[in-house]
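Student: Got a minute to go through a model with me? I'd like to start with charges and then wander a bit.

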Amino acid sequence: MDGVKSSNLIDPLRIIEKYYQPGTPLYETLVIHSEKVRDKALECINRRDLEVDIDFVASAAMLHDIGIYLCDAPGIHCHGSLPYICHGVEGRKILDKEGYPRHALVCERHTGSGLSVDDIIRQQLPLPHREMLPITLEEKLICYADKFFSKSGDIRKEKDLARVMASMEHHGPDTLARFMHLHALFG
């Protein structure tokens, strides 16, 4: 690692292109999804007049799913060997190696509405037993914006709130409650 780098100097596409081949379906899926999440996060910042690091939010939103290629999710062109739930932890490893620890934490903490160590143990998820809940306002914002866009189906179409809430509720009352807290902040 070459040390910690400033978020103001990040070119997210340059980093993505170290791991994804431009022009492939996986690259297109990742970039379109990430742009939609970035745009939603920036929309929330403007609507709520939030005091956040806008450059960081924009670059971290573009990089939050960088670990998906390592996972087995053929429906979104991922042909790795790991369960999809691992993409956040794997993204953290990638961005830590690249020298972007703040961005790395966004990768790890954006899954669902964040994952508590209790969630990980109770659901027997193949993840390290540690808290993976978004902490900073920027982390929470990207986690929230991500819930409105899928990487399958019509990836450009924003999901409505009821659909997002149903998805969160499917993962349990704690997940829904955390999402509703995020919605109160950013919705």
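**Charges, rings and odd spots**

Tutor: Sure. Aspartate 146 and lysine 147 form a salt bridge, with the closest N and O atoms 3.3 Å apart. Keep in mind that this is a predicted model.

Student: Are aspartate 146 and lysine 147 buried or exposed?

Tutor: Both aspartate 146 and lysine 147 are buried.

Student: How many salt bridges does the structure hold?

Tutor: The structure holds 14 salt bridges. One of them joins glutamate 108 and arginine 92, at 3.0 Å from N to O. Glutamate 108 lies in helix H5 (residues 101-109) and arginine 92 in helix H4, so this pair ties together parts that are 16 residues apart in sequence.

Student: What about burial for glutamate 108 and arginine 92?

Tutor: Glutamate 108 has a relative accessible area of 2%, so it is buried. Arginine 92 comes out at 23%, so it counts as partly exposed.

Student: Which salt bridge does arginine 109 form?

Tutor: Arginine 109 has glutamate 139 as a partner, and their closest N and O atoms are 2.9 Å apart. That pair links distant parts of the chain: arginine 109 is in helix H5 and glutamate 139 in helix H7, 30 residues apart. Both arginine 109 and glutamate 139 are buried.

Student: And which residues are joined into one network by salt bridges that share partners?

Tutor: Arg92, Asp96, Glu108 and Arg130 are joined into one network that way.

Student: OK, now a charge without a partner. What is the nearest side chain of opposite charge to lysine 159?

Tutor: Aspartate 146, but it is 8.0 Å away, and lysine 159 has no salt bridge although it is buried. Lysine 159 sits in the loop between H7 and H8.

Student: What does lysine 159 touch, then?

Tutor: Leaving out residues up to four places away in sequence, lysine 159 touches Lys147, Phe148, Phe149, Ser150 and Val164.

Student: Phe148 makes me think of rings. How many aromatic pairs does the structure hold?

Tutor: The structure holds six aromatic pairs. One is between tyrosine 144 and phenylalanine 179, and it is stacked, with 5.6 Å centre to centre and 20° between the planes. Tyrosine 144 is in helix H7 (residues 137-146) and phenylalanine 179 in helix H9 (residues 173-186), so the pair ties together parts 35 residues apart in sequence. Both tyrosine 144 and phenylalanine 179 are buried.

Student: And how does phenylalanine 148 pair with phenylalanine 179?

Tutor: Phenylalanine 148 and phenylalanine 179 form a tilted pair, 6.2 Å centre to centre with 50° between the planes. Here too distant parts of the chain are linked: phenylalanine 148 is in the loop between H7 and helix H8 (161-170), phenylalanine 179 in helix H9, 31 residues apart. Tyr144, Phe148, Phe179 and Phe186 form one aromatic cluster.

Student: Which ring faces have a lysine or an arginine over them?

Tutor: Lysine 40 lies over the face of phenylalanine 148, at 4.3 Å from the ring centre. Arginine 102 lies over the face of phenylalanine 56, at 3.8 Å from the ring centre.

Student: Switching to helix packing. Which residues of helix H1 are buried?

Tutor: Pro12, Ile15, Ile16 and Tyr19 are buried in helix H1 (residues 12-19). They cover an arc of only 100° around the axis, which puts them on the same side of H1. The buried residues of H1 pack against helix H2 (25-48), helix H3 (54-63) and helix H4 (87-98).

Student: Where is isoleucine 120, and what does it touch?

Tutor: Isoleucine 120 is in helix H6 (residues 117-122). Isoleucine 120 is buried, at a relative accessible area of 0%. Not counting residues up to four places away in sequence, isoleucine 120 touches Leu115, Leu125, Leu127, Pro128, His129, Arg130 and Met132.

Student: Last topic, backbone. Which residues have a positive phi although they are not glycine?

Tutor: Aspartate 49 is one of them, at about 50°, and glutamine 124 is another, also at about 50°. Most residues other than glycine have a negative phi. Aspartate 49 is in the loop between H2 and H3, while glutamine 124 is in the loop between H6 and H7.

Student: Are aspartate 49 and glutamine 124 buried or exposed?

Tutor: Aspartate 49 is exposed, with a relative accessible area of 63%. Glutamine 124 counts as exposed as well, at 70% relative accessibility.

Definitions and conventions:
Residues numbered from 1 in each chain as written. Predicted model: local features only at pLDDT ≥ 70, side-chain atom pairs only at ≥ 80, totals over all residues. Heavy atoms only, no water. Buried < 20%, exposed > 50% of the residue type's maximum accessible area, 1.4 Å probe, protein only. Helix = DSSP H or I, 4+ residues; strand = E, 2+ residues; numbered from the N terminus. Arc of directions from axis to C-beta. Contact = heavy atoms within 4.5 Å. Phe/Tyr/Trp six-rings, centres within 6.5 Å; stacked < 30°, edge-to-face > 60°. Lys NZ or Arg CZ within 6 Å of the ring centre and 35° of its normal. Lys, Arg positive; Asp, Glu negative; His and termini not counted. Salt bridge = Lys/Arg side-chain N within 4 Å of Asp/Glu carboxyl O.
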